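Hi,

Here's the structure I promised to pass on. Have a look at it first, then read on for what turned up.

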There are 2 protein chains.
Amino acid sequence: MSHTSGVRQARKQQTRQALLDAGLRLLEHQNLSSLGLRELTREVGVSPAAFYRHFPDMADLGVALVDEALGSLHTVIRAVLTETADADELIDRTVAITAAYVTEHRPHVRFIARERHGGVTAVRTAIAAELDRFADEVAAGLGAQPASEGWPADDLHVLAELYVDHMVMTAAAFLEAPPDDPAAHDRITHAARLRLRIISIGRLHWLDPAVRQAATRG
Amino acid sequence: MSHTSGVRQARKQQTRQALLDAGLRLLEHQNLSSLGLRELTREVGVSPAAFYRHFPDMADLGVALVDEALGSLHTVIRAVLTETADADELIDRTVAITAAYVTEHRPHVRFIARERHGGVTAVRTAIAAELDRFADEVAAGLGAQPASEGWPADDLHVLAELYVDHMVMTAAAFLEAPPDDPAAHDRITHAARLRLRIISIGRLHWLDPAVRQAATRG
DNA sequence: GAAGTCAGTGAACAAGTGTTATCCGAAACG
DNA sequence: CGTTTCGGATAACACTTGTTCACTGACTTC
């Protein structure tokens with residue numbers, strides 16, 4: 001075994017990371033399906049053949065980027081869900097965290113938004129799987145709240161998916177605004193909070209007798 | 001002038017349409033930014049140079065596709081908004097129309113979902129402009145309803161954007177499911193209706209005194 | 001019916017592309 | 001300290017790419 005030594009392995013992961021970083025840089029104005037292997041290695045300052053030492057495919061590079069972009073978010077989501085009790089506070093924290101994540105990891109978020117429905121199947125399914133895990137975690141968090149009494153698990157999961165999709169759509173909105181435009185930033189924040197509140201209120205009144213009757217009617 | 005005669009103009013628009021159709025066909029597994037000019041003209045059976053007689057750019061072809069995909073939807077949206085009074089019926093019709101549009105215009109919808117955040121700026125902004133117009137129309141429709149009394153115009157527009165984004169996200173969900181899977185189709189339909197009902201209920205209770213206090217607090 | 005318009009052609013241009021086989025040199029190992 | 005491992009370089013492979021130019025021939029116009 002040689003997993004402890006690693007001056008070589010360190011250098012290898014170093015250029016692997018350089019490939020990922022350069023890829024992210026080039027993907028700011030481009031889709032993954034149009035990112036060339038030579039273009040990428042040229043940006044890194046490495047021979048084209050070197051690419052194959054790290055990834056068999058461009059799609060594989062994309063999947064690695066998905067991990068980098070979304071992998072670290074699971075712990076954050078779980079933390080927010082368990083730490084926060086008050087509904088309004090949870091909304092505010094969620095929007096604030098989304099905003100912060102976009103400003104701090106703009107290229108990653110752009111990559112996710114761009115490739116979520118992009119042309120590379122492997123990447124698309126990797127993103128979908130990650131977002132599904134998010135929805136599962138949110139559903140679990142919602143289930144632990146007293147406000148979820150009487151909710152079927154399926155419906156709760158639909159609600160969780162709505163929250164996740166809303167998070168993605170808010171991130172995309174932040175993305176489209178210029179990074180240094182505080183007015184636009186505030187406008188998007190306000191809109192996101194408003195929408196989350198509407199959804200939250202709808203959730204609370206969902207099991208009202210009159211509503212329940214109307215819902216089960218169709 | 002020669003806009004009445006047009007045996008030539010007819011032939012021209014014919015191959016122009018062939019370019020658009022072939023483009024849509026090739027974009028099923030690809031992004032616009034990676035669609036080659038030669039690849040496209042080869043599919044149509046036309047020389048590469050002929051492309052320039054119809055579009056200066058690939059981006060221009062993309063913008064034309066946006067028009068083709070979303071242009072005809074405005075009248076549909078306006079019709080549904082004005083014809084339907086009952087809230088539940090409006091939800092059902094909206095979801096049904098979305099589902100029908102995806103099954104009937106699958107390649108167009110896929111194109112929109114794929115290029116909404118894609119790498120071609122002109123196309124991205126064209127889609128955004130079209131969706132903004134949708135939101136304006138929805139906002140106008142909502143404003144005409146009695147349930148919107150007491151809503152500020154800005155908040156109403158945010159709500160309209162939520163509806164439009166929800167429509168797009170539902171269309172994308174239908175897209176990801178196999179076209180001939182009735183179970184998946186029903187599952188997505190059910191989820192879309194549930195989410196729309198939650199939003200609708202939240203909207204109705206938005207101006208409740210207790211809610212209003214909490215909302216204006218922050 | 002002659003003159004003009006113009007969608008589409010065919011050829012050439014200079015780059016660009018992914019992928020492979022072979023070799024080099026420094027790190028790892030016994 | 002010799003041997004093996006392996007990340008990276010080099011060079012060549014056979015294509016594909018966008019764009020331009022002069023040209024042809026059917027339609028339009030007068």
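One term before we start: a polar contact here is a pair of N or O atoms within 3.5 Å, where, within protein, one must be able to donate a hydrogen and the other to accept it. By that rule, six residue pairs are in polar contact between domain 1 of chain A and domain 2 of chain A (both residues at pLDDT 80 or more). Of the residues on the side of domain 1 that touches domain 2, four are nonpolar, five polar and one charged. And yes, pLDDT comes up because this is a predicted model, so please read everything below with that in mind.

**Inside chain A**

Domain 1 of chain A covers 7–54 and domain 2 covers 68–217. Their C-alpha centres are 32 Å apart. Where they meet, ten residues of domain 1 are in contact with nine of domain 2, and about 810 Å² is buried between the two, with carbon and sulfur atoms giving 59% of that. On the domain 1 side, the residues that lose the most area to domain 2 are A:L24, A:E28 and A:L32, together 58% of what that side buries.

A:E28 is worth a click for another reason too: its side chain meets that of A:R110 in a salt bridge (3.7 Å, N to O). The count of salt bridges across this domain interface is one.

**Between the chains**

Now for the two copies. A turn of 180 degrees, with a shift of 0.0 Å along the axis, lays chain B on chain A with an RMSD of 0.0 Å. The copies are therefore related as by a two-fold rotation axis. If you want to find that axis from chain B, go to B:G202: its C-alpha is the nearest in that chain, 1.8 Å away.

How many residues of chain B are in contact with chain A? There are 41, and they touch 41 residues of chain A. Of the interface residues of chain B, 100% are also interface residues in chain A, so the copies meet through the same surface.

The area buried between the chains is about 3,400 Å², and carbon and sulfur atoms give 65% of it. B:H117, B:L194 and B:I198 supply 18% of the area that chain B buries against chain A, more than any other three residues.

There are zero salt bridges between chain B and chain A, but ten residue pairs in polar contact (both at pLDDT 80 or more). Helices α6 (106–115), α8 (153–176), α9 (182–204) and α10 (209–217) of chain B each supply at least two residues of the side that touches chain A. By class, that side has 16 nonpolar, twelve polar and 13 charged residues.

Cheers

Conventions: Residues are numbered from 1 along each chain as its sequence is written. Chains are lettered from A and ligands numbered from 1 in the order in which they are written. This is a predicted model: local features need pLDDT of at least 70, side-chain atom pairs count only at pLDDT 80 or more; totals for chains, interfaces and linings use all residues. Side-chain values use heavy atoms; hydrogens and water are left out. Copies are superposed by least squares on the C-alpha atoms of residues with pLDDT of at least 70 in both. Contact means heavy atoms within 4.5 Å. Buried area is the accessible area (1.4 Å probe) that two parts lose on being put together, summed over both. A salt bridge is a side-chain nitrogen of Lys or Arg within 4 Å of a carboxyl oxygen of Asp or Glu. A polar contact is a pair of N or O atoms within 3.5 Å; within protein, one must be able to donate a hydrogen and the other to accept it, and residues adjacent in sequence count only if both atoms are side-chain atoms. Helices (H or I, at least four residues) and strands (E, at least two) are DSSP runs, numbered from the N terminus. Ala, Val, Leu, Ile, Met, Phe, Trp, Tyr, Cys and Pro count as nonpolar, Asp, Glu, Lys and Arg as charged, and the others, Gly among them, as polar. Domain bounds come from an automatic or database domain assignment.
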